[in-house]
Amino acid sequence: MKKIIIILFALTLLSISIYSQSQPYVILISFDGFRWDYANRGVSPNIDIMKKDGVSALSLRPDFPSKTFPNHYAIVTGMYPENNGLIANSIYDPFRNAQYSLRDSSQVRNGRWYLGEAFWETAQRNGIISASYFWPGSEISPKYRRPEYYEKYDHTRAYKARVDGIINWLKLPYAKRPHFLTLYFSATDGMGHEFGTDSKEVNQAIFKEDSMLGLLFKKLKEINLYDSTNVILVSDHGMSDISKDRTVNIQNIIRNYDVKYQQGGPFMLIQPKPNEVNKVYQLLLKNQNHFNVYTKTNIPARFHYSDNPFIPDIIISADLGWYLTTDKSVKYMAKMKTVATHGWDNNTLDMQGIFFAMGPAFKVGYKTATINNIDIYPLLSKIFNISPRSNIDGKLANIEFILKNR
Ligand code: AMP
Ligand code: ZN
Ligand code: ZN
């Protein structure tokens with residue numbers, strides 16, 4: 001009897017170890033608004049460790065518009081915003097007269113706005129438990145579209161508590177333990193908006209976020225998971241300074257037309273009456289100064305910003321550093337504290353984010369040029385050896401050379 005128990009015990013241990021070998025660990029971290037060059041300021045020693053021991057890309061190209069929700073959701077779905085549904089941080093659905101905004105938690109949790117499939121859902125369909133300490137799209141209903149473990153977004157949650165949350169999930173018994181986890185910090189975005197890209201506050205934010213990376217490494221070592229965990233550090237977009245002298249009031253140009261304005265700042269979306277689209281477009285084209293105006297049908301393909309019913313007929317993309325206003329937002333701007341922002345053409349250098357990756361799946365000390373954020377979803381699928389959705393925009397071939405043995 002004793003022998004049988006010992007054999008059964010040994011077999012259980014063996015199956016656990018085989019199973020654990022078959023499921024990698026990936027922690028996907030975002031530092032919001034961390035511009036591609038912030039990691040070169042000499043205030044991020046833990047990113048330096050990732051550079052030395054892993055893969056570093058020159059930059060991570062965001063998608064248009066270079067805003068938070070469209071890009072975080074593009075990273076986890078592998079789809080351009082036109083296909084993943086989050087075409088902006090706020091979206092107007094003219095068919096239902098409904099409004100989505102990242103400040104409206106009931107809409108943020110409403111799965112109707114979110115198309116495609118986030119990686120945590122793909123993972124869970126394949127038996128890989130996921131967890132999210134914040135990520136746009138992680139709180140949506142129905143339940144099967146969310147990670148098994150998640151936290152409701154709380155902007156003020158202490159950064160250390162977020163790292164502890166990740167570690168506590170990784171300490172769960174093996175059968176309950178997540179293998180794909182996300183973690184999010186926003187200090188670089190917040191300080192960038194408020195104090196500008198060259199401020200000491202941004203440097204402090206870089207240092208603060210980087211020290212959370214250090215804390216995570218330390219705690220992973222304590223639970224013996226440092227060597228077996230893949231850490232991927234990204235940002236959603238960069239940041240660029242604005243000025244009160246670099247604004248264009250679009251309403252001054254098309255004052256005689258009754259249009260619906262959406263967004264504003266680095267880009268603007270305009271919906272004229274159906275029979276006035278061309279007139280409004282021609283007028284904007286004639287006055288095209290410090291911005292590019294497009295219609296949904298002639299916007300260059302590289303923007304990938306037309307194939308979605310919620311994108312209005314006219315799209316304006318301001319030159320980098322220029323700010324588009326209406327009468328209403330001019331008044332608002334006079335009072336606002338923002339001195340830097342993002343949302344411009346995703347190919348401009350200042351809008352580029354970061355990509356660093358370290359762990360058993362990745363090459364060591366390897367440098368690459370710019371990576372596209374939509375290619376991260378197929379990369380994750382490859383690391384976990386599961387099939388990605390077939391309708392994604394990202395391509396494994398664009399990114400798999402950063403993996404070991406490739
Ligand atoms: P923005 O700079 O306007 O593109 O958006 C950045 C802001 O998005 C951050 O300062 C957060 O307040 C907010 N944010 C980030 N992640 C989430 C989330 N998961 N849920 C709600 N708001 C979020
Ligand atoms: Zn952001
Ligand atoms: Zn921002």
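1. The zinc ion (ligand 3) sits 4.2 Å from the zinc ion (ligand 2). Please keep in mind that this is a predicted model, where local features need pLDDT of at least 70, side-chain atom pairs count only at pLDDT 80 or more, and totals for chains, interfaces and linings use all residues. Residues are numbered from 1 along each chain as its sequence is written, chains are lettered from A and ligands numbered from 1 in the order in which they are written, and side-chain values use heavy atoms, with hydrogens and water left out.

2. Asp189 (OD, listed twice), His193 (NE2) and His342 (NE2) coordinate the zinc ion (ligand 3) at 2.0 to 2.6 Å. Donors here are N, O and S atoms within 2.8 Å of the metal (3.2 Å for Na, K and Ca); water is not among the atoms, so sites may look incomplete. The donor spacing in sequence reads D-x3-H-x148-H.

3. Asp189 and His193 are 4 residues apart in helix α8 (residues 187-195), so about one helical turn separates them. Both Asp189 and His193 are buried (under 20% relative accessible area, 1.4 Å probe, protein chains only).

4. Now to the interior. The largest nonpolar core (buried Ala, Val, Leu, Ile, Met, Phe, Trp, Tyr and Cys residues joined through side-chain atoms within 4.5 Å) has 55 residues, and those touching the most other members include Tyr114, Ile232 and Phe355. Domain 1 (22-240 + 347-402) and domain 2 (247-337) both contribute residues, so this core lies between them; the bounds come from an automatic or database domain assignment.

5. A second, separate core holds 43 residues, among them Tyr25, Ile27, Ile167 and Tyr226.

Conventions
Buried < 20%, exposed > 50% of the residue type's maximum accessible area, 1.4 Å probe, protein only. Helix = DSSP H or I, 4+ residues; strand = E, 2+ residues; numbered from the N terminus.
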